[in-house]
Amino acid sequence: MDDGSSPIPRMLVFELSELNPKMREDPHAILDAQRAKAPVERDGFIPALCVTAYAVAKDLLNDQSISRNFDYSSPDNPVINAVKQLNAAVEEEFGKHDSMLVLDDPDHARVRGIIAKAFLARAATAKPMIQRVVDEALAALGGRTEFDVVENYACQVPIRVLGAILGCPDESLNDLRRWTEAGQRAFDPTKSQETADAAIEGRRGILRYFQAQMAARRAKREDDLVSDLLTAQENGAEISDGEILHNLFALLVAGHLTTADLIGNTVMLLLTHPDARKAIEQNPPLIASAVDEALRYEPPITTTARFPNKGGELGGCPYHSGDALTVSVPGANRDPAAFEQPHKFDITRRPNPHLSFGAGSHMCVGAPLARMEGQIAVSKLLTTFPKIRRADEGAVEWRAVAGVRGLTHLRVRTD
């Protein structure tokens, strides 16, 4: 007979995810309570630990002895199994997923070094192109007194910036965006078969597209990243065709929707924090720290994980081989032990060592480009429409996608 002394098991991985409506509405009411009670706690149903404390999260992400590779995850984890099934559905045609996102050293260091050198060289000279893309997106909004910042602006800029870097002509961008959005629900084990099929077809569409791009660039080089990587390979860089293909896929998927959410979230925060907006108007260079504070305050990616190949202990909580050691990025980013007044949106915050781009050897390679896009897109939107304001002053609506913090829409008026 249950005398009530045993704690009721909690499905923390879901309770602390965007699939929980309460997390979408007010995540920090839940995360603060969780951090205070148990900064590291074992999920009651899934072989996983949930981390909400900054120091523990940072140490975990910096620990290169713990794997990033899904292959080490427990077969009893339905969240990771959903991604494994997606990968398996396309492996026969495209080979094993070999992007730097899931590799460990020494392969990770080898592949990331080659990809990062080429990508960051492109990003370093991208500012004029980003300004042009933003100007064209704003020109398309000319004369409108009301529009959706998310759909009509934030989602338009990153896909066109990545298209320019990757050598994707404008006529291919709608398909690439559609395929990317379909694949975003891969981590949701509750998805319907129709959604799962769309995610698989989205992945196939992107991979087939970049296969064709690689074949075309082999025949004739162009001024784009695909050509850069093939030239590096030709000149002796140790990277396979499969590794190039899957990293092109990863750069598109990781760089499109996350940056769109960064732009949308930053605009929303500035429209709801008039003092911060006024400070940027008076001192435009503050946009750089404002974007970083938006990343801390409302991170586009809310979850990251590592997979140990042996047992151990994390923050005083034991774990087993194959457990998903899962970090709540919003929880870590608002830990009062790491950030003074963590729930204050402070665009002058320095230092601001948030974990929104990860940490350690797997820190996001696209971070400099995302920051630049966010700064240019948000500052130009505010100066182009100085009277911009929310059209609906009600609560904002967040997408019900696990691991993602992004708005469904943000209606604004400009008159």
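Me: I'd like to start with one residue. Which residues does Thr258 touch, leaving out those up to four places away in sequence?

Reply: Good place to begin! Thr258 touches Pro300 and Ile301. Keep in mind that this is a predicted model.

Me: Where does Thr258 lie, and what does its side chain reach?

Reply: Thr258 lies in helix H13. Its side chain reaches the backbone oxygen of Ala254, at 2.4 Å.

Me: Since we are on that helix, how do I read the packing of two helices?

Reply: Here is the general idea: two packed helices are described by the angle between their axes and by the distance between the axes. Now the case here. Helix H13 covers residues 241-272 and helix H14 covers residues 274-282; they pack at an angle of about 100 degrees, and their axes are 5 Å apart.

Me: Are H13 and H14 roughly parallel or roughly perpendicular to each other?

Reply: Angles of 65 to 115 degrees count as roughly perpendicular, and H13 and H14 are therefore roughly perpendicular to each other. On the H13 side, the contact is made by Leu270, Leu271 and Thr272. H14 brings in Pro274, Ala276, Arg277 and Ile280. Sorted by class, the contact has five nonpolar residues, one polar and one charged.

Me: Let's move to the sheets. What is the order of the strands in the open sheet of four strands?

Reply: To read a sheet, follow its strands from one edge to the other. Here the order is E1-E2-E7-E4, and the pairing is mixed. Strand E1 (40-42) and strand E4 (303-306) stand at the edges with a single partner strand each, so one side of each has no neighbour in the sheet. From one strand to the next, the twist averages 25 degrees.

Me: How many bridges join E2 to E7?

Reply: Four bridges join strand E2 (residues 48-51) to strand E7 (residues 324-328), and these two run parallel. You can find Leu49 opposite Leu325 in E7. Helix H4 (residues 54-62) packs on this sheet, touching E1, E2, E4 and E7, and its direction makes about 130 degrees with that of E7.

Me: And which strands form the open sheet with antiparallel pairing?

Reply: That one has three strands, in the order E3-E9-E8. Its edge strands are E3 (146-148) and E8 (389-390), each pairing on one side only. E3 pairs with strand E9 (residues 411-413) in the antiparallel sense over three bridges.

Me: Which residue stands opposite Arg413 in E9?

Reply: Look for Glu146, which stands opposite Arg413.

How values were computed
Residues numbered from 1 in each chain as written. Predicted model: local features only at pLDDT ≥ 70, side-chain atom pairs only at ≥ 80, totals over all residues. Heavy atoms only, no water. Pairing = 2+ DSSP bridges. Axes fitted to C-alpha atoms, helices over the stretch in contact; angles between N-to-C directions. Parallel < 35°, antiparallel > 145°, perpendicular 65-115°, else oblique. Contact = heavy atoms within 4.5 Å. Nonpolar A, V, L, I, M, F, W, Y, C, P; charged D, E, K, R; others polar. Polar contact = N/O pair within 3.5 Å; in protein donor to acceptor, adjacent residues only side chain to side chain.
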